[in-house]
Amino acid sequence: MKKVFTKEWFAAAGIRALRTVCQTAIATIGTSALMSEVNWVAVASSSALAGVLSLLTSLAGLPEVPDEEPVQKS
C-alpha cells in the first residue's frame, strides 16, 4: 500500500513542489528582456499553479518514499 501523508511524504513532496515553483518562476522571468518588463503577477500565478500541480502529481507516488515499510526479520 502506498504511503501518503506521512512525514516523509510531506518532506519529499514539499521539496519537489518548491523546486517546481522555482523552475517555473525562472522560466517565466526568463521570457522578459528586462527586469522592469517582467509581469510579476503572471510569474506568481504560474509558479503557484505549478506548485499545486506538483503536489497533486505526488499523490500518485514518490520514488523517494518507499511504498511499504521494510519487513523486520526476527
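**Exercise 1.** Determine whether serine 58 is buried or exposed in this predicted model, and place serine 58 in its surroundings.

*Solution.* Serine 58 has a relative accessible area of 3%. Buried means under 20%, so serine 58 is buried. Next, locate the residue: serine 58 belongs to helix α2, which spans residues 40-58. Finally, list its contacts, leaving aside neighbours within four places in sequence: these are Trp9, Ala13 and Arg16.

**Exercise 2.** Identify the residues of the largest nonpolar core, and describe the contacts of leucine 62.

*Solution.* The largest nonpolar core consists of five residues, namely Trp9, Ala12, Ala13, Leu62 and Val65. Tryptophan 9 has a relative accessible area of 4% and is therefore buried. With neighbours within four places in sequence left aside, leucine 62 touches Trp9, Ala12, Ala13 and Arg16.

**Exercise 3.** Classify the aromatic pairs that involve phenylalanine 10 with phenylalanine 5 and with tryptophan 9.

*Solution.* Begin with the total, which is three aromatic pairs. In one of them, phenylalanine 5 and phenylalanine 10 lie 5.9 Å apart centre to centre, with 35° between the planes, and the pair is tilted. For tryptophan 9 and phenylalanine 10, the centres are 5.1 Å apart and the planes stand at 85°, an edge-to-face pair. Phe5, Trp9 and Phe10 form one aromatic cluster. Phenylalanine 10 itself lies in helix α1, residues 7-29.

**Exercise 4.** State which residues make the nonpolar surface patch of about 700 Å², and which element contributes the largest share.

*Solution.* The patch is made by Phe5, Phe10, Leu49, Val52, Leu53, Leu56 and Leu59. Helix α2 supplies the largest share, four residues. As for phenylalanine 5, its relative accessibility is 55%, so phenylalanine 5 counts as exposed.

Note on methods. Residues are numbered from 1 along each chain as its sequence is written. This is a predicted model: local features need pLDDT of at least 70, side-chain atom pairs count only at pLDDT 80 or more; totals for chains, interfaces and linings use all residues. Side-chain values use heavy atoms; hydrogens and water are left out. Helices (H or I, at least four residues) and strands (E, at least two) are DSSP runs, numbered from the N terminus. Buried means under 20% relative accessible area, exposed over 50%, partly exposed in between (1.4 Å probe, protein chains only). Contact means heavy atoms within 4.5 Å. A nonpolar core is a set of buried Ala, Val, Leu, Ile, Met, Phe, Trp, Tyr and Cys residues joined through side-chain atoms within 4.5 Å. Patches are made of residues with over 30% relative accessible area and no salt bridge: like charges are joined within 9 Å, nonpolar side chains (Val, Leu, Ile, Met, Phe, Trp, Tyr) within 5 Å. Accessible areas come from the Shrake-Rupley method with a 1.4 Å probe; for residues, only the protein chains shown count as cover. A salt bridge is a side-chain nitrogen of Lys or Arg within 4 Å of a carboxyl oxygen of Asp or Glu. Rings of Phe, Tyr and Trp (its six-membered ring) pair if their centres lie within 6.5 Å; planes under 30 degrees apart count as stacked, over 60 as edge-to-face and the rest as tilted.
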